[in-house]
Amino acid sequence: LTLLCSLWRLNAFVLFLCEAPFCCQFIEFANAVSARADRLRAWQKAAFYCGMAVFPVVLSLTLTTLFGNAIAFATGVLYGLSALGKK
């Protein structure tokens, strides 16, 4: 269970680095991670975010895990919808 919690925290940290690098301005590699994430296409971001949100749920299916990863999954869905483009 401790390993699962550690993986979940690492998962959240990676997503945090991709979306809000200004919060981690004193970490040297934060801008590099953010720049790489910005170069991804919308469908790649969607797959990345949905995959990162599903991973902890697969490891431990609990209500708190579902609620905790719902916002990351919703972000992936929004990136996927933007990849589809206008009607």
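Let's start with residues 46-79: this span is 91% helix and 0% strand, yet its end C-alpha atoms lie just 5 Å apart. Keep in mind that we're looking at a predicted model. According to the UniProt annotation, from an unreviewed entry, "transmembrane region" covers residues 46-79 as well as residues 12-34. Here are the two spans side by side:

| Span | Helix | Strand | Distance between end C-alpha atoms |
|---|---|---|---|
| Residues 12-34 | 57% | 0% | 14 Å |
| Residues 46-79 | 91% | 0% | 5 Å |

Now for Lys45, which sits in helix H3, a helix made of residues 42-59. Which side chain of opposite charge is nearest to Lys45? That's Asp38, 4.2 Å away. A salt bridge needs a side-chain nitrogen of Lys or Arg within 4 Å of a carboxyl oxygen of Asp or Glu, and Lys45, though buried, has no salt bridge. If you skip its neighbours within four places in sequence, Lys45 is in contact with Ala37, Asp38, Leu40 and Tyr79.

Next up is helix H2, running over residues 30-39, where Ala30, Ser34 and Ala37 are the buried residues. Why do they end up on the same side of H2? Because they cover an arc of only 60° around the axis. Flip to the other side of H2 and you'll find Asn31, Ala32, Arg36 and Arg39 exposed.

Finally, let's look at the domains. The domain assignment splits out domain 1 (1-42) and domain 2 (56-86). Their C-alpha centres lie 16 Å apart, and the contact takes seven residues from domain 1 and eleven residues from domain 2.

Technical notes: Residues numbered from 1 in each chain as written. Predicted model: local features only at pLDDT ≥ 70, side-chain atom pairs only at ≥ 80, totals over all residues. Heavy atoms only, no water. UniProt positions renumbered as here; feature names shortened; annotations may be inferred. Helix = DSSP H or I, 4+ residues; strand = E, 2+ residues; numbered from the N terminus. Buried < 20%, exposed > 50% of the residue type's maximum accessible area, 1.4 Å probe, protein only. Lys, Arg positive; Asp, Glu negative; His and termini not counted. Contact = heavy atoms within 4.5 Å. Arc of directions from axis to C-beta. Domains from an automatic or database assignment.
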